Structure formats: C-alpha cells, structure tokens
Amino acid sequence: MSKSAAKCWRNDAYAKVTGRAKFTDDLKFANVLHAVPVYSEFVHARIVSIDTAAAEQATGVVRVLTARDVPGVNRFGQIIRDYRIFADDKIRYYGDVVAVVVAETREIAIHAAQLVEVNAEALPAVLDPEAAMLPDAPLVHENHGSNIVNTHVVRRGNVEEGFKQADFVIEEDFQTQTIEHAYMETEAAVCVPRSTDGVLEVYGSMQHPFSTRRFVAVCLGVALSEVEVIGTPMGGGFGGKDDTAAVVCARTALAAKLLGRPVKMVYRRDWSMRESYKRHPYRVHYRMGVTKAGAITAVQCRIVADGGAYCSVTPWVTWRSTVQCCGPYVVANVHCDTFGVYTNNVVAGAMRGFGSPQMNFVIEQMVEIAAERVGISGIEFRRRNMVRQGSVTITGQKLDGHKVAMEQALDTVLSEISYEEKLARCAHGQGDDDELYGIGIAMSYRGVSLGAEGVDFCAAIINAQADGSILLEVGVHENGQGAESAMALICAEELGVNLNRIRYRRSSTSNIPDSGTTVASRGTIMGGGAVALAARELKSKIAEAFCAKLGCAPEEVRFKVDGICGKTDGERIGFADAMRQMWQMQRFPFALGTFKAPRVSWDEHTGQGDAYFTWVYGCQAVELTVNRKTGKVKLLHAVAAHDVGRAVNPEMVRGQIYGGMAMSAGYGLHEEVKAHGGKMTTLNLNTYRIPRSMDLPEMKVILIENPDPVSPTGAKSIGEPANEILAPAIANAISNATGRRHFALPIRLGALPEPTMCGEGCK
Amino acid sequence: MQMKLQVNGREIDVPAAALDKRIVEFLREDLDLTGAKNACDIGACGACTVLVNEEPNRICIKRVKDFGGQRILTIEGLVAPDGTLHPLQQAFVDCGAIQCGYCTPGMVLTAHALLLKNPRPTREQIRHAIFKNLCRCTGYQQIIDAIEQAAPHYPARAPA
C-alpha cells in the first residue's frame with residue numbers, strides 16, 4: 001500500500017480490530033504461575049515484621065516474596081534511588097507493596113494475599129505539601145534530611161524593578177488536583193526464564209523497555225544482557241507506564257528467576273490505581289505586573305508540587321514547569337521558585353504534559369485576568385506579549401532556527417471558531433436563559449523532547465533482505481500512539497520504496513541500542529530522526545554499489561518509485577533486484593542510524609539556558625454552556641491548531657490531538673483522585689470518572705506544518721502539546737459564561753445566582 | 001449438568017466445572033478468545049463487551065451459567081472466515097479510530113449492535129450508544145467517524 005492510498009495506515013490496525021493482537025494478559029505459557037501484590041492498611045509506618053507463614057501454607061501457594069528475597073538492589077529510581085521494589089524499612093504510602101504472593105492460580109494468590117500480616121508502628125503521616133516543607137515535619141525519607149526533593153529557579157532581570165514599572169499587579173493562588181492516567185490496560189507482566197541460556201524474557205505493558213530492563217537487572221543482580229524485554233502491544237500509557245510498570249516487571253522477574261517457572265502478574269484495576277504514580281497536584285502563587293499598555297513587566301511565582309512518597313521524576317517534571325512558568329510570553333523580569341516535595345500521598349511522576357498542564361491552567365487564566373484589568377481583549381493582550389520569531393524566552397533562549405508559529409496557531413483557531421464574534425455572545429452570568437453560553441481559548445509553547453533533563457539520543461536499524469523486504473527496528477516504543485507506523489512511513493519515504501516492503505521487527509532490548517524512554521513527545525522526532533539518518537546511510541551504501549552500473553557519481557543515484565536510478569529515469573534497477581545483486585556483491589544493505597538531540601544548556605543556579613533544542617506551538621478553543629440551576633457544563637465544540645513540524649501520519653496526528661483534548665477536558669471538569677487520610681478512595685473507573693463519549697464535543701483539528709530544520713524529518717511533537725491547554729480554555733469559557741473565575745481543578749460549579757441588573761462579571 | 005452455548009456461530013458444550021466461571025474468563029481462557037478484555041472487573045469500562053443475542057453485554061461481572069442457549073458474538077466472530085474485515089472494522093482502520101486498541105473490540109461490537117438496530121444513526125445517537133465504552137486514547141471523534149462511515153453498509157430497516 002502506498003502512503004497516499006491510505007487515509008490512515010497502522011501496521012497493527014488489523015490485529016487490533018480483529019481481537020488478534022495479544023496484549024500481555026492474553027499471552028499464554030505452559031506451567032505459568034500467578035503473582036499478586038500485597039498492600040498494607042498503613043499510610044506511614046515503620047515495619048516491624050511481615051508474617052508470610054499463613055499465606056505460604058495455603059494450598060496452591062508456591063512462595064511469598066518480600067524485600068528479603070531480593071538478591072540485588074531493592075531500591076531504584078531514575079534520579080534518586082528511593083523507590084522500593086518491596087517496602088523494607090518503612091511503609092511510605094497506601095500503595096506500597098510489602099510482599100508478592102505467587103500461586104498456581106490468580107484466585108489462590110489473591111485469597112492468600114489477605115493472610116499476609118504486616119506488623120508496623122504507625123508514624124504521623126504528612127499529607128500536605130506545604131506542611132511537609134516545614135522544619136519540624138515528619139520525614140518521609142530520613143536519610144534525605146528534608147522533605148524537599150528538589151528546587152528549581154528562574155532568575156531573570158530584576159522583578160522589583162519590573163513591578164515598579166507595572167500599573168497593575170495581579171496576584172492569585174491556584175491549585176490543581178491529582179489525576180490518574182487511566183490507561184485501559186492495567187500494569188501487566190509475564191516473565192519466562194529461558195531454558196537454553198537462563199536469560200529472563202520479559203513481556204509487559206510498559207513504555208520504557210530499557211529502564212524496565214535496568215530495574216529488573218539491578219533487582220536480580222544480573223547483567224543487562226541477562227534480561228530481554230520483548231515488545232508487546234500496550235493498552236495505553238500516557239506517561240504512566242514507566243516506574244510502576246518497571247517495578248511490576250521486576251517483581252515478576254524475581255519470582256520467575258527464583259522459582260524457575262514462567263510467572264504472570266496482571267494488575268487488578270484497584271491495585272493499579274492504588275499503587276501507580278499520578279499527575280502531580282500543584283499549588284501555585286502567581287504575581288504578574290502589567291502596564292496600562294498591556295505589557296507584562298514582571299512575574300513572580302512560587303510552585304509547590306506534591307511528589308508523594310518517592311522521587312520518581314519529580315525533579316524533571318518540575319523543571320519543565322519552571323522553564324515554562326510564563327507560558328509563551330516574553331517577560332523581562334522573572335523570579336520563580338519551584339519545590340518538589342515528598343509527602344505520604346500517592347507517588348506522582350510522569351504524565352502526558354509533564355508539568356505543563358498545571359502551569360498552563362494558571363498562566364492562561366492570568367493573561368485573561370490581566371487583559372480585563374487593562375481593558376483590552378485577552379487576544380490582544382496575548383498578541384502584545386507572545387513569543388515571535390527571534391524572541392528571547394524567560395530562560396534567555398533566543399527562539400530562532402525554527403519557525404515561531406505562536407501567532408499562526410492563534411490566528412488559525414480564532415478564524416476557524418469565529419472567536420471574536422462568539423465572544424460578544426457570552427453570557428457573563430447575565431440574561432434570562434438558564435443555559436449560559438461561553439467561549440474560551442488557551443495557547444502554549446512547549447520545549448520538544450527531554451531538553452536539559454537528560455541524555456537524548458536514539459537508534460534505528462534498517463536491515464534490507466536479499467529479496468527486497470526490509471526489517472526496521474527503532475529504539476522508541478509503540479505505546480499505542482502509532483510509533484511503529486510512523487517509523488515505517490518515514491523509512492519508506494526516505495528510501496523511496498513501497499510501504500509493504502517494510503516489516504517493523506518485534507522490538508527487543510537485546511537487539512536495538514538503549515534509546516531512552518518513549519516519553520516527552522520524543523518518539524517521532526527522535527526515532528524518526530534516527531530512521532531518516534539510517535535510511536540516508538543505507539542509500540549511500542546502495543549508491544556506492546550501483547553508481548558505476550548506473551553511469552553516474554554515487555551522490556547522483558536517486559531513490560524513487562521502489563527502485564534506484566541514475567541521472568535519467570531510463571537507467572532503473574528495481575529495489576528487490578538491487579538487493580539481490582548486493583547480496584551477490586557481498587555487501588550488506590544494513591544501516592544503523594543514530595540521532596542525537598542538538599546541544600542544550602542549563603544553569604541550575606540562575607535558571608537560564610537554552611532549555612530545549614526546538615519548540616512547538618499550539619492553541620485550542622472551546623464553546624460551552626453552563627446550566628444556571630445545576631452548574632452542569634456542556635461542551636459544545638472545540639477547535640485545535642498545532643504546529644507539528646510535519647505530519648507523518650496525519651490521521652494519527654489528529655488522533656493524538658482529539659485524545660489529548662479529551663484528557664484535558666477530564667482534567668478540567670471531572671477527574672480527581674480522592675483520598676481520605678492518605679488512603680485512596682477512587683479505586684476503579686466507576687468512581688474515577690474519565691470522559692465518556694457524551695461528555696465530549698465535536699472537535700476540529702487543524703495541522704500546521706512548518707518543517708523544523710533541526711529535525712531530520714521536519715517532524716516535531718504532538719502527544720503532550722495536545723493535552724495541555726483545553727482545561728484552561730474551559731476555565732476561560734466558564735468565566736465568560738458565568739462571570740466567575742475558578743482557581744482550582746477540577747472546576748466544580750454549583751447552582752449560580754440569579755441574574756441581577758448589574759452583578760458580578762457585568763461590564 | 002451440561003450446558004450449550006453458541007459462540008461465533010459454533011455450538012459449545014460447556015463442561016459442568018466451568019458453569020460458575022466468569023464468562024469473560026471462560027471465553028479468554030477456555031476458548032482462547034482474548035479479544036474481550038478484563039479492564040475493570042466491575043462492568044464500568046466496557047472493554048469486555050460482547051454481543052449476546054445482538055445486545056451489548058458487559059461480561060466481566062457475569063457467570064457462564066447465565067448464558068445457557070444464548071448466541072454470543074465476540075470480536076473474533078465479526079471478521080469473515082477468509083480474514084476479510086467486516087465493513088465496520090474496515091471503517092475503524094480507515095478512520096484512524098484505533099490507537100492502543102484495548103477498547104477496540106468492545107467498541108466495535110457495541111457499534112455493531114447499534115447499526116443492526118439503527119443503521120442510520122445521527123452522530124448524537126452514536127455518542128449515546130457508545131456511552132458505556134470507555135476509551136482513553138481517541139476522544140471518540142474518529143470512532144464516531146468510523147461508525148458513521150460504516151452505517152451505509154448495514155441494510156436500512158423497513159419502516160414498521
């Protein structure tokens with residue numbers, strides 16, 4: 001199938017739509033054992049003993065594992081090694097696992113898990129992040145010395161001077177909630193000890209096979225080569241299948257290694273929700289100085305992120321919040337202090353957006369509030385302050401080298417939704433109608449990939465066969481987003497061959513080099529970059545082999561229409577024929593491509609530097625009504641425009657945006673992980689409410705394509721940009737509908753007051 | 001006591017020992033029909049949906065014995081024997097309605113039941129029909145597009 005023939009192409013669509021795709025729980029192995037986790041009823045406690053005797057004696061139970069059984073290291077983490085595979089010294093949150101029961105059936109294991117007795121001395125729990133920062137707060141990790149995991153700053157210009165220049169200072173407090181990824185497939189792992197060489201094969205639902213391999217190897221005390229993580233279809237991740245998914249794999253692998261049998265561990269929804277890390281709840285104090293002319297002169301903000309019981313990636317999440325703390329606006333004077341904090345709440349870690357959804361909820365309301373004070377429209381205020389070509393960000397990075405498409409994205413949405421005209425119709429809490437109409441908008445820019453967070457490079461292997469078929473493997477993971485398909489499309493296009501030649505090889509950590517984690521919206525730009533570079537290397541090998549035959553120089557060989565040709569199309573060799581001939585010439589049509597992210601920089605003391613090697617720009621708007629009597633919000637219509645660099649698989653790009661908007665609508669209106677005294681009460685999808693079809697509006701997506709010069713394919717990012725601005729757009733629309741602003745997520749509206757002659761919100 | 005069950009057009013003799021099993025487990029484990037997923041165990045998400053006498057049914061909360069003599073259609077039964085996709089499945093593929101794929105089997109079957117009953121639904125009726133099937137990836141937009149696109153392949157019902 002050629003690319004143009006398909007509106008949308010996915011290599012896994014047939015398997016998924018017929019139910020033939022085998023996810024982890026669908027895999028069957030002979031002689032398999034089943035493992036289940038054991039939790040305690042404590043939130044913070046010092047462990048005295050864990051009594052497993054009764055569970056171990058139950059019929060069908062093979063073994064009960066605790067921290068004692070870990071032959072390697074029980075503590076891991078990508079930044080701070082504080083996350084326990086099994087709770088050892090203390091229980092630090094309600095989702096801490098104290099043991100794993102392994103039995104002949106899952107039912108037996110579940111039953112026996114209730115027989116494990118945890119004897120522990122309860123400790124005072126610290127559940128409020130601000131309280132956790134006080135000097136006398138109980139410590140979650142005594143050896144860390146305080147509950148502050150990390151701090152970040154931005155110091156730019158002079159904020160005191162900046163506020164002096166301001167005619168108005170706007171000061172507000174915002175709060176965001178804990179939310180759950182709610183991937184449809186829970187954490188799952190099967191580990192099989194390979195009889196031939198003892199290597200542990202791991203099949204599981206995770207978005208980072210390489211960090212999973214690292215955690216498994218460290219836990220078992222074996223070399224990385226002794227563990228092989230094999231790609232398995234994954235039922236959603238959204239950033240949530242990194243740490244927890246890896247721990248689930250490590251516990252399963254431990255059982256398989258100790259017992260010499262395949263072991264399966266599939267999480268029940270309540271275990272998944274109780275234990276898995278969540279999106280950080282934030283508290284943000286924000287001051288913004290503006291002039292009568294509508295220029296932002298200064299921003300001062302204090303951000304406190306509740307990281308829960310373990311570090312996970314809190315320093316990286318809060319770093320992005322810090323870098324992007326002023327949104328896509330140029331501010332000369334900025335003073336930002338950010339704190340990541342330990343508490344005894346559920347662990348917070350990576351989730352799609354990664355520290356930006358919280359900040360955009362703040363910033364995109366602050367600019368509207370500021371515009372109102374100045375007496376200009378929010379759109380005009382944005383135009384006066386937004387980043388443009390050559391602008392310098394709050395961290396001192398000059399935005400050049402790519403198209404700064406902020407205004408393009410804004411204008412695209414304004415025109416598509418007829419924003420200005422509809423803004424005039426907003427109710428502001430007035431009028432006779434019980435359904436109050438409002439429209440709202442929000443926009444953002446976002447640093448692409450990991451930035452100065454860490455090591456950022458990726459590998460791709462193209463291995464053409466003697467019959468002209470092609471095996472492709474890339475170090476990014478198929479999370480369900482269509483990564484493999486995007487990689488295959490890029491490969492086919494670069495090589496000028498038919499798409500049906502390409503078979504995406506089932507990924508294995510024993511084959512492709514460790515290319516990092518498939519997060520940070522880096523799959524297409526990093527993986528696709530590696531594919532393009534591999535394809536270019538392969539083409540130079542092929543050109544060298546055939547240039548004499550084609551009567552041209554190697555650089556004159558052209559790759560098109562499923563073959564190669566010289567200066568004219570007349571001298572053409574079909575791709576399959578060429579590959580057969582290369583075999584005879586004893587030349588391998590094999591290439592490894594490596595794409596390294598361009599240089600970034602960061603000074604932790606000043607919060608200045610070139611934080612990301614490129615940026616994306618997006619804007620979303622939404623129309624809604626609020627029922628005056630019930631406070632019920634009905635979303636009517638939403639529009640998004642995003643600069644993606646280049647859309648490799650356009651229908652899948654749209655899919656990312658629709659899905660991101662849906663998730664952001666849930667963030668804005670419905671979703672909240674609730675706990676009582678640190679014990680989570682939203683443990684399944686009946687009480688944790690993700691958006692359903694009836695909750696969502698018709699959505700319209702417009703793709704903006706400004707190919708990025710630093711991306712080998714021109715493509716950039718979309719997974720996270722799509723998910724970071726609908727909630728603030730909803731907040732702005734609700735304000736325009738009701739005349740009332742909401743500073744906490746999710747937005748909860750009760751009955752609204754009856755209209756007055758000139759009430760609140762009346763202009 | 002034995003029981004018969006029709007699954008994807010095949011008569012199945014259910015052994016007595018399996019009668020108390022949850023039917024989702026019976027399908028997945030005993031018949032290896034793993035298209036129906038077990039994602040919440042409480043009937044809240046719709047990933048386990050199969051059709052029972054052409055009606056969507058959340059089978060994670062039900063026992064095998066509740067289905068004696070009934071006709072069950074799972075996602076594996078929708079595709080033609082030669083592997084050709086049903087027009088509804090093809091529409092899901094063509095419209096980009098599939099991302100992670102975990103909700104897909106239940107979603108396709110729920111849509112199939114709708115189109116058998118109401119082959120010319122409005123988009124609002126489609127939204128209503130798939131209300132109980134959760135999807136975290138797509139925002140439902142392309143799923144609704146796909147169902148709308150497949151509708152003409154279902155025979156219009158004669159007016160009553």
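How much area do chain B and chain A bury between them, and what share of it is on carbon and sulfur atoms?

1. **The chain B and chain A interface.** This is a predicted model. Chain B and chain A bury about 4300 Å² between them. Carbon and sulfur atoms carry 53% of that area. The contact involves 48 residues of chain B and 56 residues of chain A.

2. **Polar and charged pairs between the chains.** The count between chain B and chain A is eight salt bridges. One of them joins B:Asp32 to A:Lys22. Their closest N and O atoms are 3.9 Å apart. That pair sits just inside the rule, because a salt bridge needs the nitrogen within 4 Å of the carboxyl oxygen. Polar contacts between chain B and chain A come to 33 residue pairs, both residues being at pLDDT 80 or more.

3. **What chain B brings.** Five helices of chain B each give two or more residues to the side that touches chain A. They are H1 (23-30), H2 (87-94), H3 (104-117), H4 (123-129) and H5 (141-150). By class, this side of chain B has 22 nonpolar, 13 polar and 13 charged residues.

4. **Domain layout of chain A.** The assignment splits chain A into domain 1 (32-123 + 187-266), domain 2 (282-451 + 604-738) and domain 3 (457-596). Domains 1 and 2 are each given as two segments. Domain 3 is given as one. The C-alpha centres of domain 1 and domain 2 of chain A lie 37 Å apart.

5. **The domain 1 and domain 2 contact.** Within chain A, 17 residues of domain 1 and 21 residues of domain 2 make the contact. The two domains bury about 1700 Å² between them. Of this, carbon and sulfur atoms give 63%. On the domain 1 side, A:Ile79, A:Tyr93 and A:Phe238 lose the most area to domain 2. Together these three account for 33% of what that side buries.

6. **Polar and charged pairs between the domains.** Which side chains meet in a salt bridge at 3.8 Å, N to O? They are those of A:Glu41 and A:Lys679. The rule finds one salt bridge across the interface of domain 1 and domain 2 of chain A. It also finds eight residue pairs in polar contact there, both residues at pLDDT 80 or more. The side of domain 1 that touches domain 2 has seven nonpolar, four polar and six charged residues.

Note on methods
Residues numbered from 1 in each chain as written. Chains lettered and ligands numbered in written order. Predicted model: local features only at pLDDT ≥ 70, side-chain atom pairs only at ≥ 80, totals over all residues. Heavy atoms only, no water. Domains from an automatic or database assignment. Contact = heavy atoms within 4.5 Å. Buried area = accessible area lost by both parts, 1.4 Å probe. Polar contact = N/O pair within 3.5 Å; in protein donor to acceptor, adjacent residues only side chain to side chain. Nonpolar A, V, L, I, M, F, W, Y, C, P; charged D, E, K, R; others polar. Helix = DSSP H or I, 4+ residues; strand = E, 2+ residues; numbered from the N terminus.
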